[in-house]
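Here is a friendly walk through the model shown below, going from the ligand to the strands and then to the nonpolar core. Keep the structure open as you read.

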Amino acid sequence: MANNYFSDRGPNFEKTTIKLKSIPAYTYDKSVAEEYKAKKLTKATAAELYESMLVIREFEDMINKCRTGAYEVISDYDYRGPTHLSIGQEATASGVCSELAITDLITSTHRGHGDSIAKGFHAIKRMTEAELKARCPEFSNLSGEELREAVMEDHIFRTIAELFGKEEGYGKGRGGGMHIADFRVGHLGANAIVGGGIPIATGAAMTCRIDDKMKGRVVCSFAGDGAYSNGVVLEALNWASQDQFNGPLARTKFGLPIIYCLINNHYGMTGRADGEVTGVDHLARRAAGFDNDNMHAEVVNGMDIMAVRDAIARAKAICARGEGPVLLEFDTYRYYGHSLSDPRNEYRTREEEARWKAVDPIETFRAKLLEAKVLTAKELDAIQEKVAARNARAARRAADAADPDPADVIKYMYTDTDSSEVPAEYREVTVDDPAPRAKRDANGMATYKDAIKEGIVEEMLRDKRVVLFGEDVAEYGGAFKLSKGLLDAFGRDRVFNTPISEACICGAAVGMAMTGYRPIAELMYMDFALMSSDQISNQAAKWHYMTGASTEVPLVIRCSVGGGKGYGGQHSQSLESMFAHIPGTYVAYPSNPYDAKGMIKTAIRTNNPVVFVEGQLLYNVKGVVPEEDYTVPFGVANVVREGSDVTLVVWGPAVADALKAADMLAAEGISAEVIDPRTLVPFDWETVFASVRKTGRCVAISQCVDIGSFTGEIVSQVTANCFDDLDAPVLKVGAKNGIAPQAASLEKAFLPHAEDIVAAVKKLY
Ligand SMILES: Cc1ncc(C[n+]2csc(CCOP(=O)(O)OP(=O)(O)O)c2C)c(N)n1
Ligand SMILES: [Mg+2]
């Protein structure tokens with residue numbers, strides 16, 4: 001109970017008014033001349049900022065011109081990807097990234113060329129000679145500015161190459177411009193799912209909060225005005241504001257070091273933030289809903305790079321004091337529509353555009369630099385020429401670069417690495433109370449639930465990077481008490497309750513995993529995984545591939561299946577087939593206590609994301625669970641019972657039904673072999689095929705609704721691969737094509753039973 005927290009808020013209905021704090025807007029009022037005089041802006045910094053914005057504009061002008069062949073250096077090249085230009089918004093990308101350290105982190109959006117270019121650009125400007133050479137060993141013969149310039153050109157080249165889908169792109173052409181990332185400079189990825197990167201950034205900030213090596217870093221999460229109406233974004237803002245990170249409960253008292261950079265360009269695709277799809281004048285008001293201090297929200301002139309830098313510098317200081325999160329709304333504009341296929345004339349006027357172009361971030365900055373005599377027109381023109389020439393060389397090289405080999409189409413889907421070696425700094429684990437072990441009876445038997453818990457505990461003792469979070473998992477021990485005692489043992493940095501925010505639970509896990517941690521996220525019921533299906537299916541599953549294997553996402557999403565308990569349509573679904581249909585995750589479903597312990601440990605150690613399914617009706621099933629540290633490998637089926645006449649392929653709670661069916665069939669002289677694949681992804685096809693070649697008959701069984709179940713895939717593969725050995729068609733048995741009913745009589749009719757399996761087998765004769 002050492003780490004338990006007891007709320008003692010009694011009733012207090014005294015009449016009062018809840019006051020909201022005010023949100024400052026447009027507070028920066030210095031001139032470039034003043035900053036220059038005060039030596040807050042040097043000639044070198046001014047040149048860097050001007051160049052940074054120009055690099056973005058030149059790059060996006062190139063995309064624009066590519067569409068018509070007007071970009072002469074590569075007029076022969078047919079660019080076929082998206083065209084989400086951020087022209088007009090350069091001050092936000094460059095202003096933010098110019099204030100970040102190389103090790104600070106960002107996430108970005110579908111309109112993220114600018115953020116990506118700026119993060120790399122300013123990182124390269126800050127790199128030591130040794131760092132430049134480590135990044136591009138091919139330039140080791142160069143030094144000084146020549147070396148830096150070569151690395152910079154390489155950055156532009158790799159960005160364009162990614163846009164063009166080339167093997168030398170940042171993501172080896174797998175992700176493209178909308179998913180560009182460069183983990184070496186802390187760019188955790190642009191995201192084509194609006195709002196999708198925000199929970200990931202939030203998770204990355206969680207790692208920065210508790211990890212000794214990551215401390216001092218800040219995460220900037222770029223996203224647009226449109227994104228701030230997305231549920232997962234609101235979940236993330238709430239998540240980041242939790243008192244338990246910086247209040248009385250926290251072991252590490254430190255608010256999340258994250259700056260939410262809200263890029264308000266006033267339009268979603270075409271929907272207006274002003275007067276149409278929101279009800280507020282400034283989206284910074286969103287912050288007031290989550291935090292007494294408004295998350296230190298501010299509205300900033302996003303057309304003025306100096307104002308952007310000023311706001312970020314102050315926000316970083318807030319985060320450094322452990323007082324994050326921060327929300328900054330940058331008021332800006334994009335000159336083009338959502339993409340180049342959007343002519344904009346249906347929903348905005350040329351007059352409006354002209355008013356924003358009059359405060360163009362590059363032109364106004366240039367004018368101010370000239371006026372304050374920071375740089376001369378000649379110097380500024382020289383920068384412009386350098387940028388254009390560099391981009392042209394990089395574009396030509398990218399257009400000529402090799403396309404990925406079609407034979408490699410699914411290369412990088414999964415990683416074969418794991419955490420079998422835990423780095424020394426993570427091996428020392430602090431334990432407050434003795435870590436719980438499984439309760440064993442006199443025969444050494446333990447329950448499935450205790451087996452999973454013991455596996456988790458062993459892994460948390462072995463590796464400090466393993467953390468567990470989910471709804472009600474702390475004091476209460478989870479809805480099924482599986483994690484009872486873990487808070488006491490490991491403290492609240494490693495075991496904590498989350499808001500009821502399934503999407504953010506999974507998204508935060510992705511961000512922690514990308515930054516080196518190994519989160520276990522508990523989703524109470526698998527039905528709720530649908531609330532977070534984007535974060536599981538589009539994020540966790542895809543980032544290894546989309547970045548050409550530049551990152552790994554080692555996380556476990558534990559979800560339990562409630563079927564058979566009379567909980568009805570929204571608490572009973574076996575959805576593992578859905579996730580098996582999404583390439584990029586592993587899908588595991590242990591059917592007995594021995595496998596449960598060994599498989600959860602494998603799930604925690606693999607560097608691939610795992611959807612780990614647990615049967616609630618199995619939780620109290622007992623079996624032999626060795627006390628030793630053992631693992632059960634993924635992709636290796638278990639031949640649960642040998643037989644010679646028919647192969648039953650079955651997983652999860654249905655394994656018990658299949659065994660019962662095998663007994664019933666044996667009584668009739670039919671010998672059934674029962675194979676539990678244990679993991680649907682990866683699937684051990686060879687064991688199944690070998691069995692079917694022996695028996696000549698096969699039935700695939702699960703508790704999934706029959707239509708679209710993975711059993712259909714088994715039928716298809718067995719038919720294709722064992723056709724010559726089959727004596728009968730391959731059949732499948734599943735739940736009825738309906739919705740799980742509450743009534744016991746109906747649910748019994750809904751779920752498959754041993755009798756259904758026997759009936760299916762008999763059809764094969
Ligand atoms: C979840 C999701 N819904 C819809 C889309 C289609 N879409 C792409 S960009 C966009 C508008 C996003 O607006 P905002 O966040 O303001 O960013 P901006 O495009 O203005 O940079 C939409 C609706 C998407 N990519 N993802
Ligand atoms: Mg927008």
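A residue is near a molecule if its C-beta atom, placed from the backbone, lies within 6 Å of it. The model you are looking at is a predicted one.

**Around the ligand**

There are 16 residues around ligand 1, and the ones that come nearest are Val194, Gly224, Gly226, Ala227 and Gly268. What is the make-up of the shell around ligand 1, in nonpolar, polar and charged residues? Its residues divide into seven nonpolar, seven polar and two charged.

**The five-stranded sheet**

Five strands form an open sheet with parallel pairing, in the order E1-E2-E3-E5-E4. Strand E1 (105-107) and strand E4 (298-301) each have a single partner strand, so they stand at the edges and one side of each is left without a neighbour in the sheet. On average, neighbouring strands here are turned by 25° against each other, direction ignored.

At the E4 edge, asparagine 301 stands opposite aspartate 331 in E5. Helix H7 (residues 197-210) lies across E1, strand E2 (219-224) and strand E3 (258-264), and it runs at about 170° to E2.

**Strand E9 and its partners**

Now move along the chain to strand E9 (residues 518-525), which is mostly covered, with eight of its eight residues buried. Strand E9 pairs with E7 (residues 466-470) and is also joined to E10 (residues 556-561). Alanine 521 is a handy residue to find here: in E9, alanine 521 is the bridge partner of phenylalanine 469, and alanine 521 also stands opposite isoleucine 557 in E10.

The table sets these pairings beside the one between E4 and E5.

| Strand pair | Sense | Bridges |
|---|---|---|
| E7 (residues 466-470) and E9 | parallel | five |
| E9 and E10 (residues 556-561) | parallel | five |
| E4 and E5 (residues 326-331) | parallel | four |

**The nonpolar core**

Which residues have the most contacts inside the largest nonpolar core? They are Ile259, Ile557, Leu648 and Ala658, in a core of 227 residues. Helix H2 (residues 43-66) supplies the largest share of this core, 11 residues.

Two of these names tie back to the strands. Isoleucine 557 is the residue in E10 that alanine 521 stands opposite. Isoleucine 259, leaving aside residues up to four places away in sequence, touches Val218, Cys220, Ile312, Ala315, Cys319, Val326 and Leu328.

How values were computed
Residues are numbered from 1 along each chain as its sequence is written. Chains are lettered from A and ligands numbered from 1 in the order in which they are written. This is a predicted model: local features need pLDDT of at least 70, side-chain atom pairs count only at pLDDT 80 or more; totals for chains, interfaces and linings use all residues. Ala, Val, Leu, Ile, Met, Phe, Trp, Tyr, Cys and Pro count as nonpolar, Asp, Glu, Lys and Arg as charged, and the others, Gly among them, as polar. A residue is buried if 20 or more other C-beta atoms lie within 10 Å of its own, exposed if 12 or fewer, and partly exposed in between; C-beta atoms are placed from the backbone. Helices (H or I, at least four residues) and strands (E, at least two) are DSSP runs, numbered from the N terminus. Two strands pair if DSSP finds at least two bridges between them. Axes are lines fitted to C-alpha atoms, for helices over the stretch in contact, and angles run from 0 to 180 degrees between N-to-C directions. Two residues are in contact if their C-beta atoms, placed from the backbone, lie within 7 Å. A nonpolar core is a set of buried Ala, Val, Leu, Ile, Met, Phe, Trp, Tyr and Cys residues joined through C-beta atoms within 7 Å.
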